[in-house]
Amino acid sequence: MATAEQPLAGLTQSSPSPAASAELADQWRKLTRAATAVFLLDEEGTIIYYNESAERLTGRPFIEGAGMTAAEWMTQAKPRDDAGELVAFENLPLGITMLKREPAHGVVTFTSRDGSPLRIE
């Protein structure tokens, strides 16, 4: 059964029970309709999913961003700090979370698909 700590618990390679299937479907609906941009990456940092809010944020439909690696994303997004300096992946909140397995928060300015700056807190 899924919990707040493990929201996708119950998702296994075998067929989930009908109750687990209904719960997973409900979680999926909430994830795709979230007002907050949600990005899912695998352990190597490859984008495996993002929702419609993330599409609006990036200006890129998921079909174009799926499978993009962290290195490819960094080349396009050019994350910068408040001083305008490029920020390395390992110093971004996402990089800290992935590499150190701890929560992180920060302010970063990305370059959107159309070239305009996009400040994210």
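In this predicted model, F39 is partly exposed, with a relative accessibility of 33%. Y50 is buried, at 3% relative accessibility. The cut-off for buried is under 20%, so Y50 meets it at 3%.

F39 and Y50 form an aromatic pair. Such a pair is described by the distance of the ring centres and the angle of the planes. The ring centres of F39 and Y50 lie 5.4 Å apart, and the planes meet at 45°. Planes under 30 degrees apart count as stacked and those over 60 as edge-to-face. The angle of 45° therefore makes the pair of F39 and Y50 tilted. The pair links distant parts of the chain. F39 belongs to strand β1, residues 39-41, whereas Y50 belongs to strand β2, residues 47-50. Eleven residues separate the two in sequence.

The search of the whole structure returns four aromatic pairs. F39 and Y50 also share one aromatic cluster with Y49 and F62.

Helix α4 spans residues 70-77. Three of its residues, A70, M74 and A77, are buried. They sit on the same side of α4, because the arc they cover around the axis is only 80°. In an α-helix there are 3.6 residues a turn, so residues three or four places apart point the same way. The other side of α4 carries A71 and T75, both exposed. The exposed class requires over 50% relative accessible area.

The buried residues of α4 have a packing partner. They pack against strand β3, residues 108-111. Just after α4 comes K78, which takes a positive phi of about 45°.

These elements belong to a mixed architecture of helices and strands. The protein has five helices and four strands in its secondary structure. Read from the N terminus, the order is α-β-β-α-α-α-α-β-β.

Totals for the protein complete the description. The protein has 121 residues, and 25% of them are buried. Its exposed surface comes to about 8300 Å². Carbon and sulfur atoms supply 57% of that area. Contacts were also sorted by the sequence separation of their partners. Among contacts between residues at least 6 apart in sequence, 22% join residues at least 24 apart.

Definitions and conventions:
Residues numbered from 1 in each chain as written. Predicted model: local features only at pLDDT ≥ 70, side-chain atom pairs only at ≥ 80, totals over all residues. Heavy atoms only, no water. Buried < 20%, exposed > 50% of the residue type's maximum accessible area, 1.4 Å probe, protein only. Contact = heavy atoms within 4.5 Å. Areas by Shrake-Rupley, 256 points an atom, 1.4 Å probe, with all protein chains shown as cover. Phe/Tyr/Trp six-rings, centres within 6.5 Å; stacked < 30°, edge-to-face > 60°. Arc of directions from axis to C-beta.
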